[in-house]
Amino acid sequence: MNKTKMNRRDFLRLGMLTSAGAILASCAPKTETPAAEVPKVEAPTATAQTAAQPVKIQIMWRTNPDENKMLDELIKVFQGKHPDITVESIYVPWDEYEPKLMTMYTSGIAPDVYGTGGTNPYIERWVRGMVLELDEFVNAESSNFTQDIFPVGLNAYRKKGKLAALAFCICPSGVWVNATRFDEASVPYPPIDWTDPKGWSWEEVIATAKKLTNADEKKYGFNPSHAGPWYYTRMWGKDLVSKEDYESGILHKIMASSDTAVYDALVAGLQARADTMWKDKVAPSPDTANSLGQIGPMLKTGAIAMEFTGGWAVWGDLPKEMKFRAAINPKGGVGGSGTTCKNIWADPLEICSKTKAPDQSWKLVRFIAMEPDAIAVEGKYRNVLPVSKSVLESFITAQKDRLAMPIEDQIKFYKGAIEQAETTVPDHILVGWAKVRDVFNSATESLWLNEKTAKEVVDDMLPKAQAAIDANLKELNL
Amino acid sequence: MNLAMTKRRTRLGVQARKEERAFFLFISPWLVGFIFFTAGPILASFYFSFNFYDVVTPARWVGLLNYTDLLKDELFWQSLKVTAIYSVGSVALGILASLFIALLLNRNIHGVAVFRTIFYLPSVISGVAVSLLWMWLLNTDFGMVNFVLLKVFGIHGPSWLMNKYWVIPAIVLMSLWGIGGSIVIYLARLQGIPTEFFEAAEIDGAGYWSKLVNITLPLMTPVIFFNTITGVIGSFQVFTQAYVMTSGGPNNASLFYVLYLYRNAFRYWRMGYASAQAWILFMILIVLTAILLRTSSRWVYYEAG
């Protein structure tokens with residue numbers, strides 16, 4: 001029998017051929033939907049799959065012990081209610097979430113539902129056609145469904161009139177209070193009513209913080225963790241982002257570059273934030289905050305009495321020897337002439353534009369976002385509020401012991417935070433914000449370290465931010 | 001061709017052919033892996049460096065635009081500057097420190113094996129764990145580095161990671177943590193130097209320093225040269241420390257080249273731009289290596305040569 005043997009030359013030829021094939025394959029033009037041409041989905045229809053064989057869908061989530069246990073339990077409950085659907089979870093470390101999702105999508109093996117990831121650039125995905133628009137799914141639901149969602153939950157991810165994603169949980173921005181520190185200093189608790197037009201002025205916050213500060217003991221009254229220019233401009237009554245950009249989801253310009261009033265608000269807001277450390281001396285410097293933060297979360301250790309940040313400040317285990325409360329965000333400007341910053345973090349669920357099971361994926365999204373048994377499961381593992389109006393009160397009541405506030409005050413605070421909320425953070429809803437945020441973060445470090453004034457920093461960072469936006473727009477080719 | 005092959009096969013013999021087959025069989029996993037997972041992506045990245053490409057949507061050919069844009073990018077130059085300063089500091093300090101420790105560990109003293117293990121041990125710890133550990137060590141208020149500076153020297157240590165002037169020295173200092181590998185290489189070379197050289201020098205009346213300068217160091221130069229090249233290449237690829245400890249701050253003072261490349265690729269969706277950065281880095285390393293190779297004839301001594 002004449003056997004064909006492979007010699008070294010043949011082997012190398014085969015190797016070169018395979019290599020050339022791989023290179024060609026990787027360079028080949030793709031057939032994906034072009035940028036900004038978001039694929040349309042037909043109205044929900046029955047799947048072609050037979051009822052006898054469960055349809056398998058996948059959902060991807062960041063690695064987080066509590067959240068992963070939560071999702072496992074959610075899937076169990078969901079599959080109990082939908083025996084025709086099998087859900088598989090994919091857990092990915094925070095920093096690897098986006099690269100993995102991008103490569104999975106390009107390879108045609110993306111999960112059907114995108115859950116919470118690391119940096120969460122939701123609208124970046126939408127503008128690149130990675131997600132299905134959900135309007136037709138939502139419209140096919142009864143009117144009770146949409147009426148039961150808080151407006152900010154339904155509108156946070158509405159871009160160019162289309163629903164790019166459905167928010168399923170809300171984390172309010174607020175001032176989180178170590179009530180024990182207040183009690184020790186006999187200082188009255190700060191306000192909780194978001195609807196009070198008087199609000200809580202920046203000067204009042206600083207005056208309160210001074211009573212709670214003892215720098216020698218490294219005890220501070222306040223830590224404005226919300227360091228970004230976006231927050232401070234809003235608190236000082238203006239906005240860095242134009243209405244058109246919010247609506248389109250594409251960042252074209254920073255308003256402070258062309259509008260003097262916005263510029264002034266930005267400078268004043270940032271300077272006030274820097275003054276908390278260097279002039280008023282009620283907040284730890286970045287260096288001190290870094291040191292204190294390594295011992296433990298500063299609010300929980302009592303190193304600070306108030307923290308202006310997201311609701312995660314009071315997540316997880318709270319020290320039993322201390323009590324915690326919440327308060328409304330400060331109102332910037334001289335004598336409270338600005339506005340109370342009313343923003344939330346709304347985490348959404350998205351459906352992959354390439355999913356072969358859109359109906360089943362929507363059922364999962366709907367279940368996690370809106371169904372009471374799912375929300376009850378979520379409440380067991382974390383304190384993020386639901387978007388469903390009808391279960392909010394029972395959700396808060398189930399967790400009433402976390403905050404040392406009467407339950408009616410907790411409901412008033414949380415409900416007010418969601419009802420008054422105007423937007424979620426720009427990281428999630430603006431294409432091109434990631435680079436601008438990095439420009440802002442680098443530039444403002446000189447301000448936080450007391451090396452430059454707010455005006456110097458703003459003058460330095462605005463052209464850089466615009467250059468970053470222009471580079472992004474050039475590549476997007478919208 | 002068949003005749004030639006047959007002749008060759010006959011010449012090789014049955015055993016040799018078996019060995020050849022075994023060679024190809026055993027090397028094929030690596031070769032296939034290299035072709036698919038290394039060579040393919042390398043060439044693809046070269047192609048993408050001439051495109052606007054975000055991984056998700058089709059690439060658009062833009063010629064040299066990514067390269068010309070990079071040359072106008074302030075952060076590109078900043079990251080290059082940061083990396084170059086770090087490279088000079090860490091490679092020089094690393095060579096001096098590892099050579100010094102290797103000389104100490106080469107002495108014939110009791111328990112030297114334990115010391116060798118101790119000095120090598122830090123090298124096996126992962127970058128993230130080391131970074132977290134050093135964040136504690138370099139903490140301004142509670143860190144051991146500043147504690148020692150204050151208690152032993154009476155100096156109030158700087159804010160290592162939050163000060164734009166100290167952040168790179170801090171990361172250079174931290175790079176000493178990983179010199180265990182170099183120490184082992186130096187040690188191996190030190191133990192390979194024939195003792196006759198030293199004996200002959202001693203007969204001629206040479207002391208420790210004379211032997212070190214005239215025998216040990218010249219014979220160590222090939223290893224120093226090797227560690228310099230690998231050190232320079234490694235130092236240009238620093239990522240973990242900056243990513244974990246400083247995020248490139250304060251004010252981009254620790255924005256290392258690869259950190260900026262990573263941000264462009266995976267945070268700003270600019271894979272084409274990042275690919276161009278990667279190829280520029282490759283060219284820089286080629287040039288630096290070529291310079292080192294060209295100058296090596298002036299200071300590297302090869303016994304056999």
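The following paragraphs describe the domains, a helix pair and the nonpolar cores of a predicted two-chain model.

Residues are numbered from 1 along each chain as its sequence is written, and chains are lettered from A, with ligands numbered from 1, in the order in which they are written. Because the model is predicted, local features need pLDDT of at least 70 and side-chain atom pairs count only at pLDDT 80 or more, while totals for chains, interfaces and linings use all residues.

Chain A contains 21 helices and 11 strands, taken as DSSP runs numbered from the N terminus (helices H or I, at least four residues; strands E, at least two). Of its 478 residues, 49% are buried, a residue being buried if 20 or more other C-beta atoms, placed from the backbone, lie within 10 Å of its own. Contacts require C-beta atoms, placed from the backbone, within 7 Å. Among the contacts of chain A with a separation of 6 or more, 77% join residues 24 or more positions apart.

An automatic or database domain assignment supplies the domain bounds. In chain A, domain 1 covers 55-171 + 345-414 and domain 2 covers 172-247 + 256-344; their C-alpha centres lie 29 Å apart. Across this boundary, 17 residues of domain 1 are in contact with 16 residues of domain 2. On the domain 1 side, strand S6 (166-178), strand S9 (343-351) and helix H18 (407-420) each give two or more residues, with the largest share, 4 residues, coming from H18(A). That side divides into 11 nonpolar, 1 polar and 5 charged residues, where Ala, Val, Leu, Ile, Met, Phe, Trp, Tyr, Cys and Pro count as nonpolar, Asp, Glu, Lys and Arg as charged, and the others, Gly among them, as polar.

The largest nonpolar core, a set of buried Ala, Val, Leu, Ile, Met, Phe, Trp, Tyr and Cys residues joined through C-beta atoms within 7 Å, has 195 residues, of which Ile170(A), Leu266(A) and Val458(A) touch the most other members. Helix H12 (residues 260-278) of chain A gives the most to this core, with 10 residues. Beyond its neighbours within four places in sequence, Leu266(A) is in contact with Pro229(A), Tyr232(A), Thr233(A), Leu240(A), Ala256(A) and Val458(A). A separate core of 11 residues includes Ile101(B), Leu187(B), Met220(B) and Val223(B).

Chain B is assigned domain 1 (2-48) and domain 2 (65-299), with 37 Å between their C-alpha centres.

Methods: Contact = placed C-beta atoms within 7 Å. Buried ≥ 20, exposed ≤ 12 C-beta atoms within 10 Å, placed from the backbone.
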